[in-house]
Amino acid sequence: MYKDLTALEQKIYDMGIVPVVTIEDAAKAVQLADALTEGGLPCAEITFRTAAAADAIAVIRKERPDMLVGAGTVLSVEQLEKAIEAGAQFIVTPGLNTEVVEAAQKVDVPIIPGCSRPSDMEIAYTMGLRTVKFFPAEAAGGTAMLKAMSAPYSMMRFMPTGGIDAGNLRQYLDLPCVLACGGTFMIAKDALKNNDFEGIRTATEKAVRSMLSLKTGHVGMICDDKEDCQQKSAELAEIFGLTCTGNPAGDAFMVGDFFEMLVNNAKGERGHLAITTPNTQRAYAYFCRKGYTFDEETIRYDEKGRMKSVYFKDTWCGFGLHLLQI
């Protein structure tokens, strides 16, 4: 988790995936926006590969103002101006066109240019950019190349795009240097042509679930007192052949990765359940977008400043639920 993200970069980071869309008919733009939003990603990069791009951006911005909409495949200052006029909130380019970058910077519109070589990174850095698009990701060397490039450019963030699908998405998102991934895989080749918005919604939801990778973690059990906590922890460790570790106060013990024995519980009269995820921040943002609320006082961060855990505000059957980064 980066500490110096702009508001836009934070939104993109929270999304984790930026759907890249080529649309031929702007009349379908709102239905497309709804399908992506219902699938869990109220975000789209509309590419300037068709004449309908500017109109599609404009209609989404008007009819679905909460949707995050950017313009992609911007190749010239002229296209940049059309995108901005249509209401694009950010610009993405396939390569590093300094003229386009400078024009965007002049009007203070965020731009994420494509970079695939160290020389591109040098130019982007000297122009004051800290977030770039790694394109074409797979063809340019994939995660191995991205790891190698991020070593000398540790101050840079990347949005890999090109060849990313459900199969390799997590490999990219697990890299600390990756802000988010761009991809077309949520939108089948003929989905828009055939008005298959339900298929787009389903594929988007599947991609989000893959990104979050939510799994059942440990069970938190409330004990009567410290003595009871120590005794029950030792018993469970013996039964299941697990390692038991406790805090210095002796009022909380982890028994393997399965049980957390506590004298006091942050949420839930009966205890709590941990739901694990590779990225608590993205899971938290996703559930917030879905309308769920959290107990903000329970947020905990790790030593790198990343959100480690947080409890939902509500409880279920006497149990609290908390997201836990693994």
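Here is a short walk through a predicted model, with something to select at each stop.

**Stop 1: a pocket**

Start by selecting Thr-6, Glu-9, Pro-110, Ile-111 and Leu-129. These residues lie nearest the centre of the second largest pocket, and its lining has 17 residues in total. The space inside this pocket comes to about 340 Å³.

Now colour helix H1 (7–15), helix H5 (98–106) and strand S5 (111–112), since each supplies at least two residues of that lining. Which of them gives the most to the pocket? H1 does, with three residues. If you colour the lining by class, you should end up with eight nonpolar, four polar and five charged residues.

**Stop 2: a loop beside that lining**

Next, click on Asp-108, which sits in the loop between H5 and S5. Check its backbone: phi is positive, at about 60 degrees, even though Asp-108 is not a glycine. That's worth a look because most residues other than glycine have a negative phi.

**Stop 3: H1 again, with a new partner**

Keep H1 on screen and add helix H11, residues 280–289. Their axes come within 8 Å of each other and cross at roughly 95 degrees. Angles from 65 to 115 degrees count as roughly perpendicular, so that is the label for H1 and H11.

To see where they touch, show the side chains of Gln-10, Tyr-13, Asp-14 and Met-15 in H1, which meet Gln-281, Arg-282, Ala-285 and Arg-289 in H11. By class, this contact has three nonpolar, two polar and three charged residues.

**Stop 4: another helix pair**

Hide those and bring up helix H2 (residues 29–38) with helix H9 (residues 197–212). Are these two roughly parallel or roughly perpendicular? They pack at an angle of about 30 degrees, with axes 7 Å apart. Angles under 35 degrees count as roughly parallel, so H2 and H9 are roughly parallel to each other. Turn the view to look at the crossing, and you'll find that H2 passes H9 in a right-handed one.

On the H2 side, pick Gln-31, Leu-32, Ala-35, Leu-36 and Glu-38; on the H9 side, pick Phe-197, Ile-200, Arg-201 and Thr-204. Together they make the contact, with five nonpolar, two polar and two charged residues.

**Stop 5: a cis peptide bond**

Move on to Phe-135 and Pro-136. The peptide bond joining them is cis, with omega at about -10 degrees. Most peptide bonds are trans. You'll find Pro-136 in the loop between strand S7 (131–134) and helix H7 (142–150).

**Stop 6: a strand residue and its contacts**

Finish at Lys-313, in strand S16 (residues 307–316). Which residues does Lys-313 contact, leaving aside neighbours within four places in sequence? Select Lys-267, Thr-293, Phe-294 and Asp-295 to see them. Then draw a distance line from Lys-313 to Asp-295: they are 18 residues apart in sequence, yet C-alpha to C-alpha they are 4.6 Å apart in space.

Notes
Residues are numbered from 1 along each chain as its sequence is written. This is a predicted model: local features need pLDDT of at least 70, side-chain atom pairs count only at pLDDT 80 or more; totals for chains, interfaces and linings use all residues. Side-chain values use heavy atoms; hydrogens and water are left out. On a 1 Å grid over the protein atoms alone, a cavity is a set of points where a 1.4 Å probe fits but cannot get out, and a pocket is an open set with protein on both sides within 12 Å along at least five of seven lines; lining residues have an atom within 4 Å of a point. Grid points are joined across faces, edges and corners, and a volume is the space filled by probe spheres set on the points. Helices (H or I, at least four residues) and strands (E, at least two) are DSSP runs, numbered from the N terminus. Ala, Val, Leu, Ile, Met, Phe, Trp, Tyr, Cys and Pro count as nonpolar, Asp, Glu, Lys and Arg as charged, and the others, Gly among them, as polar. Axes are lines fitted to C-alpha atoms, for helices over the stretch in contact, and angles run from 0 to 180 degrees between N-to-C directions. Angles under 35 degrees count as roughly parallel, over 145 as roughly antiparallel, 65 to 115 as roughly perpendicular and the rest as oblique. A crossing is left-handed if the near helix is turned anticlockwise from the far one by less than a right angle, and right-handed if clockwise. Contact means heavy atoms within 4.5 Å.
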